[in-house]
Amino acid sequence: MLANQIVNKLQYFLISIIVLIIDQISKLWIQANYTPYVPHDIIGHYLRFTLCYNPGIAFGINVGKFHLLITILSYFITFGIIYHLHKERGSHKLYKLSLAFILGGAFGNILDRTLMILDFENLYYPGVIDFIDIGFSQYGYRWYIFNLADSAITIGIIIYLFYAYFYEKKLTT
């Protein structure tokens with residue numbers, strides 16, 4: 001019974017940890033098996049794996065000399081999500097699931113940023129590891145290259161929007 005209570009309290013944190021582990025394993029695998037900036041078709045030219053390093057933030061936005069500040073702010077926001085997820089234990093399951101995906105993805109990218117800061121000479125971690133490359137080459141359109149952590153954050157946001165549209169209104173009325 002105690003084990004069930006612990007699992008019930010931690011199940012959404014476990015989802016975050018699983019997302020983090022899958023993200024980090026995928027990044028290690030990509031680094032071990034792909035050459036940076038060389039695209040490899042997975043599903044034609046629609047889905048490619050192209051290893052690249054993003055020293056900035058979302059969409060490759062350059063933060064200049066503010067890497068440390070951005071990383072510290074990211075930690076504060078992420079710990080805020082942890083606190084909120086713990087505080088909202090009684091909330092709707094979709095709401096908690098959305099936070100769990102966002103949290104796992106955030107930790108995946110924060111870990112990369114932290115390793116980048118600790119690698120002063122940028123020998124091993126020149127940036128957040130991105131590799132999922134989608135687009136339509138025949139039309140000259142490619143989306144920004146991203147990783148599984150980014151995907152988890154996006155999935156979390158979509159789940160939250162679904163929850164907010166279909167459930168939150170019903171809970172407040």
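How much surface does the protein expose, and what share of it do carbon and sulfur atoms supply? Hello everyone, let me start there. The protein exposes about 10,900 Å², and 71% of that comes from carbon and sulfur atoms. Please keep in mind that this is a predicted model.

First, the overall picture. There are 173 residues, and 35% of them count as buried. Along its principal axes, the C-alpha trace spans about 50 × 40 × 30 Å. We have four helices and four strands, and from the N terminus on they run α-β-β-α-α-β-β-α. If you take contacts between residues at least 6 apart in sequence, 60% of them join residues at least 24 apart.

Now to the sheet. The four strands form an open sheet in the order S1-S2-S3-S4, with antiparallel pairing. S1 and S4 are at the edges with a single partner strand each, so each has one side without a neighbour in the sheet.

Let's walk across it. S1 and S2 run antiparallel and are joined by three bridges; in one of these pairings, isoleucine 43 has leucine 47 of S2 as its bridge partner. The hairpin of S1 and S2 has three residues between the strands, and there glycine 44 takes a positive phi near 55°. Moving on, S2 and S3 pair in the antiparallel sense over six bridges, and asparagine 54 has valine 128 of S3 as its bridge partner. Finally, S3 and S4 are also antiparallel, over two bridges, where glycine 135 is partnered by arginine 142 of S4.

Which strand has seven of its eight residues buried? That is S2, and so S2 is largely enclosed by the rest of the structure. A nice residue to click on is threonine 50, which is found in S2, residues 47–54. Threonine 50 counts as buried because its relative accessibility is 6%, and the cut-off for buried is under 20%. Leaving aside neighbours within four places in sequence, threonine 50 is in contact with Tyr37, Val38, Pro39, His40, Asp130, Phe131, Asp133 and Ile145.

Phe131 brings me to the aromatics. Ring pairs link Phe131 with Trp29, Tyr34 and Phe49 into a cluster. Over the whole structure, a search finds 14 aromatic pairs. Take tyrosine 160 and tyrosine 163: their ring centres are 5.9 Å apart and their planes are at 50°, so this pair is tilted. These two tyrosines are three residues apart in helix H4, which means about one helical turn separates them. Buried or exposed, what are the two partners? Tyrosine 163 is buried, with a relative accessible area of 7%, whereas tyrosine 160 is partly exposed at 30%.

Let me end on the outside. There is a nonpolar surface patch of about 1,200 Å². Its members are Ile42, Ile43, Tyr46, Phe59, Ile61, Ile134, Phe136, Tyr139, Tyr141, Trp143 and Tyr144. The elements giving two or more residues to this patch are strand S1 (40–43) and strand S3 (128–136). You will recognise Ile43 from its bridge to leucine 47. And where does tryptophan 143 sit? Tryptophan 143 is in the loop between strand S4 (141–142) and helix H4 (148–172). With a relative accessibility of 39%, tryptophan 143 counts as partly exposed.

Thanks for listening!

Methods:
Residues numbered from 1 in each chain as written. Predicted model: local features only at pLDDT ≥ 70, side-chain atom pairs only at ≥ 80, totals over all residues. Heavy atoms only, no water. Patch = residues over 30% accessible without salt bridge, like charges linked within 9 Å, V, L, I, M, F, W, Y side chains within 5 Å. Areas by Shrake-Rupley, 256 points an atom, 1.4 Å probe, with all protein chains shown as cover. Salt bridge = Lys/Arg side-chain N within 4 Å of Asp/Glu carboxyl O. Buried < 20%, exposed > 50% of the residue type's maximum accessible area, 1.4 Å probe, protein only. Phe/Tyr/Trp six-rings, centres within 6.5 Å; stacked < 30°, edge-to-face > 60°. Contact = heavy atoms within 4.5 Å. Pairing = 2+ DSSP bridges.
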